[in-house]
Each structure stands twice: as C-alpha cells, then as structure tokens.
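Please open the structure in your viewer and keep the selection tool at hand, for this tour goes from one selection to the next and says what to look for at each stop.

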Amino acid sequence: VEGLERWPGERGLKINHVRVLDAKGKLTDRISSGAAFTLETGIRAEETGNFRFRLSILFMTPDGIGVTRNFSPYYEREVKDGDIIRLRLHIPHCQLTGGEYVFSCALFKHFDMVDSSTAVRYDLLSRAFRLRIDGRLGHDPGLFHQEGEWAAAQVAGSEVKLLQQAS
C-alpha cells in the first residue's frame with residue numbers, strides 16, 4: 001500500500017488492499033478522463049464474527065481539496081479470522097479532468113450522512129493512493145466534467161423556435 005497512513009479504528013475488519021483496474025481489468029495508476037475504471041478493495045477479517053460495514057472512497061487534489069466521495073451501501077457478513085471480502089466500485093465514465101489525484105479509503109461500522117461526528121471507523125487509509133487522469137482537452141481548468149444537456153431557442157416576438165445543432 002503506497003504512502004500508507006493508517007488511522008486507528010475498532011478491531012474486527014481492516015483494509016487489506018486497494019487496486020485501480022482499467023476497463024480491461026488490468027492494474028493501473030492512470031486512467032483517461034471519460035473512460036471506465038474500477039476501484040477494488042479487499043477487506044480482511046481480524047477475528048471471527050458478524051460484521052456490519054460500509055466503505056467510503058474520497059478523491060482529493062494533492063493539496064487536500066475534496067473532489068468526490070462514494071459510499072457503498074451497508075453490508076453485513078459472517079466471517080472467519082483471515083477471510084477476505086472484496087468490494088468493487090465501478091465508475092462507468094471518469095468525470096475527473098486531467099491531473100494528479102489522491103484518494104483515501106475508509107471502512108466504517110457506522111457513518112451517518114447527516115451527522116458524521118457519530119461515525120465509528122474500522123479503518124482509514126488517508127490520502128494513501130494516487131491516480132493520474134489523462135485529460136480530454138489541452139486546457140481543462142475544472143476538476144470534473146459535469147454532465148448536462150444543452151438546448152437553444154431563438155425568440156422572435158411571441159414565437160419561440162428551437163435551434164438544431166450544426167453538423
């Protein structure tokens with residue numbers, strides 16, 4: 001695990017590995033903006049028991065500005081000491097613009113989206129991973145591409161005429 005900074009948490013489950021996989025399922029540290037990719041996280045049981053958990057992945061700029069965060073649903077599993085649970089987050093279209101990003105991976109026993117002060121954590125690997133995004137444009141000043149649909153109309157008096165896109 002690269003640049004590992006592990007924060008303390010409750011005993012039971014720990015993040016075992018985090019991998020970035022390209023659209024073909026190959027390990028990578030570089031994705032093209034617009035391309036599909038998958039984040040795979042392995043979770044290792046430290047003891048036998050029944051555990052409820054959810055995973056969070058937070059992307060940031062290298063200087064610590066949060067860009068996007070994904071939470072898994074809650075899962076509950078009966079595991080034996082040493083078992084590995086694999087979670088995958090598939091991103092069908094990377095909307096990050098070109099540049100370097102870091103990301104954290106956190107495993108929670110409890111995380112309330114309204115009041116994060118009540119969070120109970122099993123594990124947190126803070127800003128431990130890097131991902132390079134190859135941009136679509138030579139100059140792309142934003143941090144992500146927001147999806148949207150354009151519509152144009154020409155208004156003449158009380159008549160509105162929709163404009164067609166040029167080909």
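The stops below begin in the core, pass through a pocket and end among the loops and a hairpin. Please keep in mind throughout that this is a predicted model.

**Stop one: Phe-37 and the core**

Select Phe-37, which is found in strand 4, a strand that covers residues 37–45. Is this residue buried or exposed? Phe-37 counts as buried because its relative accessible area is 2%, and the cut-off for that class is under 20%. Leaving aside residues up to four places away in sequence, Phe-37 touches Val-20, Leu-21, Ile-31, Phe-59, Leu-89, His-90, Ile-91, Cys-94 and Leu-131, so it is worth showing these side chains together. If you then add Gly-25, you will find its C-alpha atom separated by 8.0 Å from that of Phe-37, although the two residues are twelve apart along the chain.

Now widen the view to the largest nonpolar core, which has 31 residues. Those with the most contacts inside this core are Leu-13, Phe-37, Phe-53, Phe-59, Phe-103, Leu-107 and Leu-131. The elements that give two or more residues to this core are strand 2 (13–22), strand 4, strand 5 (49–60), strand 8 (84–91), strand 9 (99–110) and strand 10 (120–134), and the largest share, six residues, comes from strand 10.

**Stop two: Phe-59 and the pocket**

Select Phe-59 next, and display the residues around it. Not counting residues up to four places away in sequence, Phe-59 touches Phe-37, Leu-39, Ile-65, Gly-66, Val-67, Thr-68, Leu-96, Tyr-101, Val-102, Phe-103 and Leu-131.

From here, turn to the second largest pocket, which holds about 210 Å³ of space. To see its lining, select Phe-37, Phe-59, Val-67, Thr-68, Asn-70, Ile-91, His-93, Cys-94, Gln-95, Leu-96 and Phe-144. Which strand gives the most to this lining? Strand 6, covering residues 66–71, does so with three residues. If you colour the lining by class, seven of its residues are nonpolar and four are polar, while none is charged.

**Stop three: Thr-41 in strand 4**

Return to strand 4 and select Thr-41, which lies in that strand. The relative accessible area of Thr-41 is 0%, and this residue is therefore buried. Beyond residues up to four places away in sequence, Thr-41 touches Ile-15, His-17, Val-18, Leu-55, Ile-57, Ile-85, Arg-86, Leu-87 and Cys-105.

**Stop four: three loops**

Begin with Lys-24, in the loop between strand 2 and strand 3 (30–32). Lys-24 counts as exposed because its relative accessibility is 75%, where the class requires over 50%. Ala-36 is twelve residues away from Lys-24 in sequence, and the two C-alpha atoms are 9.1 Å apart in space.

Select Ala-35 next, in the loop between strand 3 and strand 4. With a relative accessible area of 25%, Ala-35 is partly exposed. Setting aside residues up to four places away in sequence, Ala-35 touches Ile-91, Pro-92, His-93 and Cys-94. Ala-35 and Asp-134 are 99 residues apart in sequence, yet their C-alpha atoms are 9.8 Å apart in space.

The third loop lies between strand 4 and strand 5, and the residue to select there is Thr-48. Thr-48 counts as exposed, at 53% relative accessibility. Outside residues up to four places away in sequence, Thr-48 touches Val-79, Lys-80 and Asp-81, and a C-alpha to C-alpha distance of 13 Å separates Thr-48 from Ile-85, which is 37 residues away in sequence.

**Stop five: two positive phi angles**

Move to Arg-127, which is found in strand 10. What is unusual to look for here is the backbone: Arg-127 has a positive phi of about 45° although it is not a glycine. Arg-127 counts as partly exposed, at 37% relative accessibility.

Finally, select strand 11 (residues 153–156) and strand 12 (residues 159–162), which run antiparallel and are joined by four bridges. Within this pair, Val-155 stands opposite Val-160 in strand 12. The hairpin has two residues between the strands, and in this hairpin Gly-157 takes a positive phi near 65°.

Terms used. Residues numbered from 1 in each chain as written. Predicted model: local features only at pLDDT ≥ 70, side-chain atom pairs only at ≥ 80, totals over all residues. Heavy atoms only, no water. Buried < 20%, exposed > 50% of the residue type's maximum accessible area, 1.4 Å probe, protein only. Contact = heavy atoms within 4.5 Å. 1 Å grid on protein atoms, 1.4 Å probe; cavity = no way out; pocket = protein on both sides within 12 Å on 5 of 7 lines; lining within 4 Å. Points joined across faces, edges and corners; volume = space filled by probe spheres on them. Nonpolar A, V, L, I, M, F, W, Y, C, P; charged D, E, K, R; others polar. Pairing = 2+ DSSP bridges. Core = buried A, V, L, I, M, F, W, Y, C linked by side-chain atoms within 4.5 Å.
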